[in-house]
Structure formats: C-alpha cells, structure tokens
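Subject: Structure handover

Hello,

I am passing a structure on to you, together with some notes. Please have a look at it first and then read on.

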Amino acid sequence: MVDFKALKSYWPLIQFLVPLAITNIAIDLGEQALNRGIATVKEDRKEMLASYGLAYSLMKFFTGPMSDFKSVGLVLINSRRDRLKAVLCMVVAGIIAFVLHILIAHTDLGYYIINKLHHVNDSVGNKTRRAFFYLSLFPVLDAMAWIHSGILLKHKHSLLVGSASISDVVAQIVFVAILLQSNLECVEPLLIPILSLYMGALGDATIRKMLSFWWPLALILATQRISRPVVNLFVSRDLKGSDEATEAVAVLTATYPVGHMPYGWLTELRAVYPAFDKNNPANRRTGGASVTKSHIKRFTLCCFLISLTMCFILFWSPGVSESILVHIIGVDESFAQRCITPLRIFSFFPIPVCLRAHFTGWLMTLKKTFVLAPSSALRIGVLVVSLVVLPYMGVHGGTLGVASLLAGFMGEASMVFIGAACVYRRQKSDKNKELVADGENSSPMREVNPTTELDSIQELGEGEGHRGP
C-alpha cells in the first residue's frame with residue numbers, strides 16, 4: 001500500500017524541479033526551431049546549417065561560464081550589496097565576450113580559428129564569421145539573466161524562472177515563423193534564427209568570495225561549451241574540409257538539440273541540494289514536510305530512470321527520431337538517416353549527466369566547488385584522445401563527434417565522483433576526530449557505551465542536511 005504521507009516529502013522537490021525540467025526541454029525545442037529557420041531556406045541549406053552551427057557553438061562557449069553565475073545567486077547572494085557586486089562581474093564578463101566576438105568576426109584571428117582550423121571552404125567561413133558578428137550582443141543580454149535566475153531559485157521561485165525561459169522560447173518560435181514569411185530568407189537567411197534568438201533574450205557576498213566559488217563552475221561549463229566547437233573542429237578536419245565535412249557539421253548541429261532534449265534537464269538536479277539545504281536562510285518547510293538527503297537521492301534516481309526511458313523511446317523506436325528531424329527541423333529523409341546513429345549514442349548520456357549533477361549540487365552546498373576543477377581537464381583530455389583515436393577504428397562524421405562527447409562526459413563524471421568521495425571521507429574522518437576529542441575531554445567517571453556512540457554518529461549524519469552526497 002502506498003504511504004501518501006511519506007510521498008508528501010517529495011512534493012517540494014517535484015514543485016522545484018518540474019518547471020526547470022520543462023524549461024530545459026523547451027530550450028532544446030527552441031533551438032530546433034532556430035535550426036528550422038535555416039533548414040527551410042531554398043539554397044545551400046546544409047552550408048547554412050553548418051555555418052550557423054559553428055557560430056552558435058562558439059558563441060555558447062563564450063556565454064557558458066556566465067550561466068554558472070546562477071549558482072552564485074543560488075548559494076552566495078544574501079543582500080542587495082551582494083547582488084550589485086555580482087551584476088558588476090556579469091557586466092564586465094559580457095563586455096569582454098562582446099569584444100572577442102568582434103575580433104573573431106572582423107580580424108585575421110577569426111579567419112584562422114574558423115577557416116584554417118576547421119578546414120572549411122571560404123563560403124562557409126565567411127557565413128560563420130558573419131553569423132558570429134550578428135551574435136556579438138547576445139552574451140551581454142544573456143549575462144544579466146543568469147544571476148537573477150539563481151536568486152529566484154534560492155527562494156524556490158523555479159516557476160518564475162521556468163515561465164521566463166519558456167516565454168523566451170515561445171518568442172523565438174513565433175519570430176522564426178514571422179521572419180520566414182518575409183524577404184529576409186532571400187536577403188540574409190542567417191538573420192532568421194539570430195534575430196529570433198535576440199527577441200527571446202529581450203523577453204525576460206563579496207566579489208572575491210563569489211569569484212572563488214564561481215571559477216571552478218565556470219571552468220567546467222566553459223569546458224562543456226568548448227566541447228562542441230572542439231568536436232566540430234576535429235570532425236571537419238578528419239574529413240579534410242570536403243562536402244562530407246560540411247554535411248557532418250550540419251548533422252551535429254541538427255542532432256545536438258534533439259539528443260539533448262531527453263537528458264539535458266537532469267543538469268538542473270544540481271540546484272536541488274543548495275535550494276533545500278538547511279543552512280539556506282530562504283529555506284522553509286513546505287506543507288509541513290521536510291526534505292532530507294535520502295529524499296533527494298531517491299528523487300534523483302527516479303529522474304534518471306525517467307530520462308533514460310525517454311531516450312530509448314525517442315531514439316530506438318523505429319521512425320520516431322527521423323520524424324522529429326523531418327517534421328520539426330525540416331531536413332530531408334536522407335539527411336535524417338545520417339543522424340540516427342549519433343542520436344542513439346545520446347541515449348547513454350543520462351548516466352554521466354545525472355551523476356555529475358547530483359554530486360556537483362552537494363559540493364556546491366558545502367562551498368567546495370574547487371574540487372570540481374580537475375574534472376574539466378579530464379573531460380577535454382578524454383574528448384581529444386577519442387577524437388584522435390576513433391577515426392583509426394573507422395568512426396567518422398557525426399558518430400565520431402557524439403561518441404567522443406560521451407567519452408568526455410564519462411571521464412568528467414568519474415572525476416566529480418572521485419572528488420566528492422574524497423570530500424566525504426575527509427568529512428567523516430574529521431567528525432570521528434571530533435568525537436574522539438569530545439570523549440577524551442569528558443569526565444573520567446562517565447562510561448561511554450559503544451552502541452550509544454554509534455547511534456550518536458548516525459543521528460548526527462541525519463541532522464546535517466548535506467554531510468554525505
């Protein structure tokens with residue numbers, strides 16, 4: 001018989017995560033709509049899709065570290081003064097990103113990064129740099145939203161964060177539909193998804209302490225965001241800049257949002273531990289039910305199983321993934337067939353993503369994010385090794401890119417797990433030392449029962465909301 005009283009403790013977790021999960025899925029749908037804005041052009045659709053994909057992935061790399069300021073807002077900001085300092089950091093970061101966009105778009109630096117390194121032809125290179133220039137203002141606009149998202153999540157207003165993000169996506173889809181009816185398709189088709197992206201964006205502690213908390217998370221997210229440009233680079237070079245290389249990059253551009261959709265929302269699990277931490281001054285009981293670490297662990301496992309099931313239904317059921325690509329993104333049948341194998345590899349991404357999110361959230365609660373820094377180096381190392389080795393095993397194109405990404409994800413998740421295990425062992429050792437010291441300082445007439453001492457340790461572990469991951 002179901003114990004509804006016990007299930008009541010999970011309701012705050014569901015209320016918190018569901019809006020963020022829906023938001024994450026909606027963002028992937030919005031990205032598919034942006035891709036459709038390119039895929040429906042009458043000429044050079046694969047070239048346009050590849051150019052937009054290269055520019056968009058590079059832009060996401062520059063904006064990636066800024067998005068982890070959401071974690072700063074979630075954990076560290078407790079006053080207006082803290083908020084002002086965080087906003088100042090974001091403004092500076094946005095201006096730096098804007099300057100880098102202009103340099104890449106209009107100097108030889110961009111020609112070297114895009115044309116030479118990626119081995120793309122001049123037509124694709126010119127379109128990519130032009131798209132990158134059009135995207136130059138987006139990091140500044142995007143930066144301002146992240147810090148306030150974290151502050152809202154701290155007070156458990158995930159519904160507001162979700163509603164704002166979904167409104168952005170709706171605006172993007174609407175403007176894609178409107179712009180496709182204009183003559184912009186003939187004048188400058190690259191502006192269709194980019195202007196829609198801007199329309200969506202317009203719809204919505206101490207500095208040292210903030211930066212020390214933020215930089216490991218920023219480094220990790222920068223590593224995650226640079227993974228796509230690195231994959232595009234190696235996949236394109238592997239095929240020597242030929243037409244197959246352009247098509248492979250187009251395949252990756254089309255499959256990223258589709259493959260990310262069933263598991264991407266698991267990343268939001270890392271906000272659960274900080275949001276329900278007992279040391280969070282904004283934390284309060286909802287409906288008389290408290291949320292413990294045991295509830296969070298079981299809730300995380302449930303989310304993982306849901307994501308894994310979604311992946312296998314979407315990518316292994318005959319005709320489902322092809323239908324998404326043909327009817328939502330607007331590619332042809334033969335192109336969709338090339339995307340099947342990469343999408344099936346995406347089915348295994350929930351494993352590392354869920355592990356990484358769970359342990360990252362716990363470490364954020366402890367403010368020990370520095371432990372996460374080595375995972376970014378391992379991810380890039382494993383990614384590059386895979387991109388170099390797999391072609392010798394006959395793996396090329398989009399399959400090479402996604403398989404290498406999975407290897408990088410697994411390496412990163414393994415390192416996060418090792419780091420969390422080290423912190424947990426250190427905490428356990430320190431706690432045992434404290435108990436021994438307390439025993440030595442107690443009265444010699446007081447007898448300590450071993451069973452009673454063990455019970456004390458267990459009660460202490462349950463009392464501390466974040467002692468173990």
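Below are the notes, starting with the chain as a whole and ending with the salt bridges.

This is a predicted model, so please keep the thresholds in mind: local features need pLDDT of at least 70, side-chain atom pairs count only at pLDDT 80 or more, and totals for chains, interfaces and linings use all residues. Residues are numbered from 1 along each chain as its sequence is written, and side-chain values use heavy atoms, with hydrogens and water left out.

The chain has 22 helices and zero strands; these are DSSP runs numbered from the N terminus (helices: H or I, at least four residues; strands: E, at least two). Of its 469 residues, 53% are buried (buried is under 20% relative accessible area, exposed over 50%, partly exposed in between, with a 1.4 Å probe and protein chains only). About 21300 Å² is exposed, and carbon and sulfur atoms supply 64% of that (Shrake-Rupley method, 1.4 Å probe; for residues, only the protein chains shown count as cover).

On the surface, have a look at the nonpolar patch of about 720 Å², whose members include Leu 88, Val 91, Ile 95 and Leu 109. Patches take residues with over 30% relative accessible area and no salt bridge, joining like charges within 9 Å and nonpolar side chains (Val, Leu, Ile, Met, Phe, Trp, Tyr) within 5 Å. Helix 5 (residues 80-106) gives the most to this patch, with eight residues. Leu 88 belongs to that helix and is partly exposed, at 48% relative accessible area.

Helix 15 (residues 293-316) and helix 16 (residues 320-329) pack at about 75°, their axes 5 Å apart (axes are lines fitted to C-alpha atoms, for helices over the stretch in contact, and angles run from 0 to 180 degrees between N-to-C directions). The two helices are therefore roughly perpendicular (65 to 115 degrees; under 35 is roughly parallel, over 145 roughly antiparallel, the rest oblique). Ile 313, Leu 314 and Phe 315 of helix 15 meet Val 320, Ser 321 and Ile 324 of helix 16, where contact means heavy atoms within 4.5 Å. Helix 15 also holds His 295, which is buried at 11% relative accessible area. Not counting residues up to four places away in sequence, His 295 touches Ser 9, Tyr 10, Leu 13 and Ser 290.

Val 402 sits in helix 21 (residues 397-441) and is buried, with 0% relative accessibility. Its C-alpha atom is 6.8 Å from that of Ile 345, 57 residues away along the chain.

How many salt bridges are there? The count is three, taking a side-chain nitrogen of Lys or Arg within 4 Å of a carboxyl oxygen of Asp or Glu.

- Arg 338 and Glu 247 pair at 3.1 Å, N to O. Arg 338 is in helix 17 (residues 333-338) and Glu 247 in helix 13 (residues 243-260), so the bridge ties together parts 91 residues apart in sequence.
- Arg 356 and Glu 412 pair at 3.0 Å, N to O. Arg 356 is in helix 19 and Glu 412 in helix 21, so parts 56 residues apart in sequence are tied together.
- Glu 412 and Arg 379 have their closest N and O atoms 2.9 Å apart. Arg 379 lies in helix 20 (residues 373-389), 33 residues from Glu 412.

Arg 356, Arg 379 and Glu 412 thus form a network of salt bridges. Glu 412 and Arg 379 are both buried, and Arg 356 is buried at 9% relative accessibility.

Best wishes
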